[in-house]
Amino acid sequence: MKKAFVFDFDDTLATTKAAILVHGVGACWTSYTLKLSPSEFNDYELKDGEEFDFSEFRQPRLVENGKPTELIKLAKEVYDEDHSVYILTARSDDMSGAIAKFLKMQGIEAKQIICVGDKDETTGIAADKKRSLRMIMMAYDKIYFYDDNEKNVELAQSIGVKSYLVN
């Protein structure tokens with residue numbers, strides 16, 4: 001039986017010091033900046049006059065110096081058992097090399113690092129992750145998906161992927 005294990009990156013396999021910034025203009029034209037963690041970003045909705053700034057999320061050193069979570073042990077175990085390990089992240093494509101380097105330091109080589117952060121923002125990250133999982137499903141008998149976002153997990157379950165919410 002061919003199995004694939006698909007992991008989100010931020011707050012699932014690693015924690016980093018990278019934040020998503022929100023720049024906005026408030027009352028009396030005063031500007032402000034908010035710092036969101038990856039989990040806060042998952043559910044944040046921009047208000048009028050706000051925009052996201054992903055500059056910290058595009059700093060490879062912050063990924064490479066990330067702290068592994070407990071789940072990295074499972075990723076290493078299934079990798080050592082010769083199962084396919086995929087990373088499915090909301091980060092942009094330009095971060096795949098840094099993620100690969102982080103994983104290599106943990107003794108893991110991902111079959112593929114799928115970055116959906118640069119995709120069509122009209123459908124949203126969760127829908128893009130669901131679409132990517134459907135593609136992976138075509139090549140495997142069983143897929144296991146791990147993510148820290150409830151919506152991502154629910155959408156994966158809706159297409160028959162065994163999914164786990166990571167806290």
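## Helix α3 and its two sides

Let's start with helix α3, which covers residues 72–80: Ile 72, Ala 75 and Val 78 are buried there. Looking down the axis of α3, you'd find its buried residues within an arc of 130°, so they line one face of the helix. The general rule behind such a pattern is simple: an α-helix has 3.6 residues a turn, so residues three or four places apart point the same way. Keep in mind that this is a predicted model.

What sits over those buried residues of α3? The cover includes strands β1 (3–7), β6 (67–68) and β7 (84–89), along with helix α4 (96–105). Turn to the face of α3 that points away from its buried side, and you meet the exposed residues Lys 73 and Asp 80. Just after α3 comes Asp 82, with a positive phi of about 70°.

## Ser 132 in helix α5

Next up is helix α5, residues 125–137, which is home to Ser 132. Is Ser 132 buried or exposed? Its relative accessible area is 13%, under the 20% cut-off, so Ser 132 counts as buried. Setting aside neighbours within four places in sequence, Ser 132 touches Leu 88, Ile 114 and Val 116.

## Where α5 meets α6

Helix α5 also pairs up with helix α6 (residues 150–158): their axes come within 9 Å and cross at roughly 35°. The crossing is right-handed.

On the α5 side, the residues involved are Ala 126, Ala 127, Lys 129, Lys 130 and Leu 133, and they meet Lys 151, Asn 152, Leu 155, Ala 156 and Ser 158 of α6. Sorted by class, this contact has five nonpolar, two polar and three charged residues.

Note on methods. Residues numbered from 1 in each chain as written. Predicted model: local features only at pLDDT ≥ 70, side-chain atom pairs only at ≥ 80, totals over all residues. Heavy atoms only, no water. Helix = DSSP H or I, 4+ residues; strand = E, 2+ residues; numbered from the N terminus. Buried < 20%, exposed > 50% of the residue type's maximum accessible area, 1.4 Å probe, protein only. Contact = heavy atoms within 4.5 Å. Axes fitted to C-alpha atoms, helices over the stretch in contact; angles between N-to-C directions. Left-handed = near helix turned anticlockwise from the far one by under 90°. Nonpolar A, V, L, I, M, F, W, Y, C, P; charged D, E, K, R; others polar. Arc of directions from axis to C-beta.
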